[in-house]
Amino acid sequence: MSSAVHKLMQLADAEDRFDHSHADLRDLQAEALDERFQDRRDRIKLLGHRAREAGISEVRHREDAVPLLFPHTAYKSYPESFLIEERWDRLGKWLGTVSPYPISPIDTAGITDIDDWIARLEANGHYVSCSSGTTGKSAMLLAGDMDMEWSRKDTVNVFSWGSGVKPARDRRIMGLAPTASVPKNAAIASAQLAAFGDPDRERYRLPIPPITVGSLTGMMLLRKKIANGTARPEELSDYERTSAERQDALDRAMIDGADALIRYRDEKLYISGMWNALYQLAKIVRDRGYSAEDFHPDNCIYVGGGLKRAQLPPDYQEFVHQTFNIPANRDFQNYSMQELNSGMPKCRQGDRYHVPPWVVPFVLNESGDTLLPHDGGEIEGRAAFFDLSLDGRWGGVITGDKIALDFGPCACGSGGPSIRNDIARYADIKGDDKIGCAGTVDAYVRGLS
């Protein structure tokens, strides 16, 4: 690993990792960006194309890196026909356009669905995760063994920093959200269990089948068919039956989850989930006559993901905290996304998400092609990041989020950059999300696949 990248990544275990100011990090981060670029420019086809197109041969300043950032849609640029027609060889070639490591052709004989294909890739050290596809097509994101190991390490570090909970293995883990069964999520869950879970207390999980990549992409394709009127009657019937079965299973799982929370209320709990599910569980528990005074006083909570367009009352967070007796300093929230490999934990005092030194933040204009002035203070615009910890794909991504990035010190005392806790999606603000370079990038990737 190159020297500048190593210097930044080794701060992951440092107690003061969020104290380094933007001014202190600026030159080292620029050096690290160039090291990554020089190492990957000839190994990632899309990166080489972007560099040639922009006439960039080195990264001397942060501005130089902007044309090299990939729009998040780059990982959704696979032709849907590859999924519909089960062209696993073509999907593998598409992945190769965004991977720094050669993806050798795999034996596709006997593959029945995308989950089988992903399992065979994983057996060869290529881990494919999928975004949830909330707003449409799912992103397919490639990672390697080093990325899996980093996710295990980073998730424990950021949770401990943001919640104040030490990895003492003294809590019952309560997994209270249906999450996608993808390699990154599995790595994070196993690391959290090993660090914080009491080995004598079985981890609780909602009794529902895992959400696989196949189920995510299958539903996405069917939604497309319904929208364009090509869905067959039997497909519509299957969709309605499956939707009803899943909703019934989820409803029953919520009851089981509430029963488990009440059953273990005297124990020290580590509660994880997403706001919508946690709010529904809290309502059931309250209806049963239980609230904060019935639960252990040192419970903690890990909330992942946003509302996913769920409609909840303004006080939904307080309602959940006051139901399960979550102290203010045990509320952990994390800003991240499948496109990144590192978390940005929310601090316990400043109501802000802290950016670690090995994640380089950019605030761009709405179209995502120009870096806004970064001279200190707070600046608002489109979020982009370069995650230096990523090994299995290029670390630079332009997101769909609107953020306010602050380079001043936080109320918690940390001197590094932080993000205000009012993150919004451009798709929700504008009704769509158009990144300037997305069209040309997608066309290039599709052309090579």
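**Strand β8 and the nonpolar cores**

Three bridges tie strand β7 (residues 300-303) to β8, and these two strands run parallel. Keep in mind as you look around that this is a predicted model. Strand β8 spans residues 331-335 and is mostly covered, with five of its five residues buried.

**Around β8**
- Within the pairing of β7 and β8, Val-303 sits opposite Gln-333.
- β8 also pairs with strand β9 (residues 344-345): two bridges join them, and here the strands run antiparallel.
- If you follow Asn-334 across to β9, you will find Pro-345 as its bridge partner.
- Asp-331, Gln-333 and Tyr-335 point one way from β8, while Phe-332 and Asn-334 point the other way. Residues on both sides are buried.

**The nonpolar cores**
- Tyr-335 turns up again in the largest nonpolar core, which has 58 residues. Tyr-335 is among the residues with the most contacts inside this core, together with Trp-358, Phe-362, Phe-385, Trp-394 and Ile-419.
- Helices and strands both feed this core: the elements giving two or more residues are α1 (3-9), α2 (22-40), α3 (45-54), β11 (359-364), β12 (378-387), β13 (396-406) and α15 (438-448).
- A second, separate core holds 30 residues, including Met-174, Ile-271, Tyr-316 and Phe-319.

**A closer look at Trp-358**
- Setting aside neighbours within four places in sequence, Trp-358 is in contact with residues that include Leu-8, Met-9, Leu-11, Ala-12 and Arg-17.
- Other contacts of Trp-358 include Trp-150, Asp-154 and Ser-342, as well as the run Phe-386, Asp-387, Leu-388 and Ser-389.

How values were computed: Residues numbered from 1 in each chain as written. Predicted model: local features only at pLDDT ≥ 70, side-chain atom pairs only at ≥ 80, totals over all residues. Heavy atoms only, no water. Buried < 20%, exposed > 50% of the residue type's maximum accessible area, 1.4 Å probe, protein only. Helix = DSSP H or I, 4+ residues; strand = E, 2+ residues; numbered from the N terminus. Pairing = 2+ DSSP bridges. Core = buried A, V, L, I, M, F, W, Y, C linked by side-chain atoms within 4.5 Å. Contact = heavy atoms within 4.5 Å.
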